[in-house]
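Visitor: I should like to learn how the features of a protein model are read. May we go through them one at a time?

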Amino acid sequence: MIDLEPSLLEYEELGRELVAKAIRHEHVSTIRRRVATGAAVGVLAVGGIGAAWVALADPALRTNAAYCHSEADPSSSFVGVGAPDAEAADGSLLQRDADPIELCAAVWRIGGVGPHATEPPVDGVTYDVPDLTACLRLDGIVAVFPNEQSRSRVDLCRELGLAPWHD
């Protein structure tokens with residue numbers, strides 16, 4: 001009869017080999033995770049810096065534009081709106097400071113955002129506008145959200161990970 005049971009020395013050698021393989025695997029996995037994390041952080045940083053630079057480079061976006069969201073969620077669908085510049089008597093352009101809540105209320109009213117957003121605007125037809133709350137995004141642009149639970153501006157914006165907008 002053949003003895004298939006490994007000896008104590010063979011068990012110890014198998015144990016050392018398994019530990020060495022586990023250490024090598026963990027080392028390779030750690031390197032892969034670090035490389036992937038570094039690449040992701042690099043892409044996000046470059047993209048974030050580029051997006052912030054573009055948005056912050058134009059003060060008109062911060063004073064005359066807003067993102068009107070369909071739900072109280074920064075990832076919900078939205079419509080970007082802006083107030084036009086006005087022309088002064090001398091022909092120069094006057095930049096107006098627009099109220100983002102007023103801009104978004106106008107878009108809600110014609111059905112450009114919200115439950116009627118799939119319908120084309122119909123002349124003379126208006127829709128109800130929910131309570132709207134304005135929050136400030138990291139890039140300095142105001143985002144306006146429906147506030148159907150009538151939370152305070154500070155509470156809603158903080159729940160969304162944004163700062164409250166102060167008019």
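Visitor: In which loop does Glu71 lie?

Guide: The model before us is a predicted one. Glu71 lies in the loop that runs between strand E1 (65-69) and strand E2 (78-82).

Visitor: Is Glu71 buried, partly exposed or exposed?

Guide: Buried means under 20% relative accessible area and exposed means over 50%, with partly exposed in between. Glu71 counts as partly exposed because its relative accessibility is 48%.

Visitor: Which residues gather with Glu71 in a patch of negative charge?

Guide: On the surface, Glu71 is joined in such a patch by Asp73, Asp131 and Glu148.

Visitor: Let us turn to the interior. How many residues has the largest nonpolar core, and which have the most contacts inside it?

Guide: A nonpolar core is read as a set of buried residues joined through side-chain atoms within 4.5 Å. The largest one here has 16 residues, and Val81, Cys104, Leu132 and Val144 are those with the most contacts inside it. At least two residues of this core come from each of E1, helix H3 (100-109), strand E5 (132-136) and strand E6 (142-146). The element that gives the most is H3, with 5 residues.

Visitor: Where is Trp108 found, and is Trp108 buried or exposed?

Guide: Trp108 is found in helix H3. With a relative accessible area of 5%, Trp108 is buried. The C-alpha atoms of Trp108 and Leu132 are separated by 10.0 Å, and these two residues are 24 apart along the chain.

Visitor: How many salt bridges does a search of the whole structure find?

Guide: The test for a salt bridge is a side-chain nitrogen of Lys or Arg within 4 Å of a carboxyl oxygen of Asp or Glu. The search finds 2. In one salt bridge, the side chains of Arg137 and Asp139 meet at 2.4 Å, N to O. Asp139 counts as buried, at 11% relative accessibility, whereas Arg137 counts as partly exposed, at 26%.

Visitor: Which residue meets Arg151 in a salt bridge?

Guide: The side chain of Glu159 meets that of Arg151, at 2.4 Å from N to O. Arg151 has a relative accessible area of 25% and is therefore partly exposed. Glu159 counts as exposed, at 51% relative accessibility.

Visitor: What is the phi of Ser150, and where is Ser150 placed?

Guide: Although Ser150 is not a glycine, its phi is positive, at about 50°. Ser150 has its place in the loop between E6 and helix H4 (153-159). Its relative accessible area is 52%, so Ser150 is exposed.

Methods: Residues numbered from 1 in each chain as written. Predicted model: local features only at pLDDT ≥ 70, side-chain atom pairs only at ≥ 80, totals over all residues. Heavy atoms only, no water. Patch = residues over 30% accessible without salt bridge, like charges linked within 9 Å, V, L, I, M, F, W, Y side chains within 5 Å. Areas by Shrake-Rupley, 256 points an atom, 1.4 Å probe, with all protein chains shown as cover. Lys, Arg positive; Asp, Glu negative; His and termini not counted. Charge placed at Lys NZ, Arg CZ, Asp CG, Glu CD. Helix = DSSP H or I, 4+ residues; strand = E, 2+ residues; numbered from the N terminus. Buried < 20%, exposed > 50% of the residue type's maximum accessible area, 1.4 Å probe, protein only.
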